[in-house]
Amino acid sequence: MNIHLAPVEVPDPAALPHVQQLCDLTSPYAAGPEADALFAAAMAETNAWHAQRSPFLRSLLDGPAETPAPTVGTGVRTPLVHANFFKRHEVLSIPREEVFLHLTSSGTTGQKSQMFFDTWTIRSAQRMVARIFDHYGWITPDQPVNYLLYSYEPAPQLKLGTSFTDNYLCDFAPANHTTHALRHTGSGHEFDVHGCIEALQRFAEDGLPVRILGFPAFLHFTLERMRALGLPPLQLPAGSLVLLGGGWKGHTDKQIGKDEFYTEVTEQLGIPSERIRDTFGSVEHCVPYIECGHHRLHVPVWSRAAVRDTRTLEPLPYGERGFLHLVSPYITSVPAQSVVMGDLASLHPERECPCPLPTPWFTIHGRAGVSRNRNCAAAAAELLKGLS
């Protein structure tokens, strides 16, 4: 068994039995009345957990109830906390000495979300990732792979959530060789485009599957530079996988459509479309959202998604755009069980995707408004300046 599929126990089994039960579900896209009832019971437990430990959360629950989102369930409290709140406030539901991991959401400057994780919370989130990887057959302990990571090379004091995630994803297949695109220089990070090209050329000859993880803008720029240099397309070995995350934020002037981008990857690296997947996640809400083979971000069993009006925060029907609202009772370290993201999204019923997954899915349409807040992708995109 992969270590990240191993059992993990909630901090207080007597107080959180339904949270344990929900997060122990092994089928990542289970759906139906039983799953919904379990989710509602788990949310009630986690709300009570945080209310006892966080005056901030207790004040929200004591105030007027928010309008429940249809996908979450009637009567289920989902106190609305915007992700930007965590850029200005450190709010914990555990003693500082119980913090197992501290991650931030932004680059080297600017406002950062400060998120703190106890052992249960981070291990539970990792187990969710492992179960989705297992669902798709991406855990291959007997098949070494070569990694090209379009993320930050680890460095002392680096606490970025994206760097942590991408290096963690290397646990699902043994590494033959790993190349980081954003190299640590001693005083910061630089994008090593030629190192990426050389790695891809070498990997194409190795015969081992390649896993490309991280920011899509950097992969796109690598492919652009290969064309500019007149380099021929490569055929990466069968079983190769591209798993993207972080979006194009901060470099949207170079963003191309998803279909065009996936076609570009297929044509230049030989990886079929169904082996190219985008992901969505954040340090404020670590539940993993990974595209199906038809490139829809389905909601896993451990969470619920809604879309709320940008003016009134009232829930919107399927297909309409608003703030993405993500809910999950898994987190015990910080009262972030119900987070309104800064992303504009639309939610869609499962029947509108041709894949067999029985859960709703969402599409990200970009960030809402203009903000000075910088996240990992925005900071990383600055490294592209002057290279194009």
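Me: Before we start, how is the expected span of a helix worked out?
Reply: Take 1.5 Å times one less than its number of residues.

Me: OK, so what should helix 7 span, and how far apart are its end C-alpha atoms?
Reply: This is a predicted model, and helix 7 covers residues 193-206. With 14 residues at 1.5 Å a residue, the helix should span 20 Å, and because its end C-alpha atoms are 20 Å apart, the two values agree.

Me: What happens just after helix 7?
Reply: Gly-207 takes a positive phi there, about 90°.

Me: Which residues of helix 7 are buried?
Reply: Val-193, Gly-195, Cys-196, Ile-197, Ala-199, Leu-200, Phe-203 and Ala-204.

Me: Anything general about helices to keep in mind with that list?
Reply: An α-helix has 3.6 residues a turn, so residues three or four places apart point the same way.

Me: And what covers the buried residues of helix 7?
Reply: The cover includes strand 4 (145-152), strand 5 (175-184), strand 6 (189-191) and strand 7 (210-214). Helix 8 (216-228) and helix 9 (258-269) are also part of it.

Me: How do helix 7 and helix 8 pack, angle-wise?
Reply: At about 80°, with their axes 10 Å apart. Angles of 65 to 115 degrees count as roughly perpendicular, so that is what these two helices are to each other.

Me: Which residues make the contact?
Reply: From helix 7 you have Val-193, His-194, Cys-196, Ile-197 and Leu-200; from helix 8, Phe-221, Thr-222, Arg-225 and Met-226. By class, that contact has six nonpolar, two polar and one charged residues.

Me: Let's stay with Met-226. Is Met-226 buried or exposed?
Reply: Met-226 counts as buried because its relative accessibility is 1%, and the cut-off for buried is under 20%.

Me: What does Met-226 touch, leaving out residues up to four places away in sequence?
Reply: Ile-197, Leu-200, Leu-231, Pro-232, Leu-234 and Gln-268. Gln-268 is 42 residues from Met-226 in sequence, but their C-alpha atoms are 8.9 Å apart in space.

Me: Switching topic: where is His-325?
Reply: His-325 sits in strand 13, residues 321-327. Its relative accessibility is 0%, so His-325 counts as buried.

Me: What does His-325 touch, with the same four places left out?
Reply: Thr-78, Leu-80, Arg-304, Ala-305, Ala-306, Arg-308, Ser-338, Val-339 and Val-340.

Me: Now the whole chain. How many helices and strands?
Reply: Ten helices and 15 strands. The chain has 388 residues, and 55% of them are buried.

Me: What share of contacts comes from residues 24 or more positions apart?
Reply: 71%, among contacts with a separation of 6 or more.

Note on methods. Residues are numbered from 1 along each chain as its sequence is written. This is a predicted model: local features need pLDDT of at least 70, side-chain atom pairs count only at pLDDT 80 or more; totals for chains, interfaces and linings use all residues. Side-chain values use heavy atoms; hydrogens and water are left out. Helices (H or I, at least four residues) and strands (E, at least two) are DSSP runs, numbered from the N terminus. Buried means under 20% relative accessible area, exposed over 50%, partly exposed in between (1.4 Å probe, protein chains only). Contact means heavy atoms within 4.5 Å. Axes are lines fitted to C-alpha atoms, for helices over the stretch in contact, and angles run from 0 to 180 degrees between N-to-C directions. Angles under 35 degrees count as roughly parallel, over 145 as roughly antiparallel, 65 to 115 as roughly perpendicular and the rest as oblique. Ala, Val, Leu, Ile, Met, Phe, Trp, Tyr, Cys and Pro count as nonpolar, Asp, Glu, Lys and Arg as charged, and the others, Gly among them, as polar.
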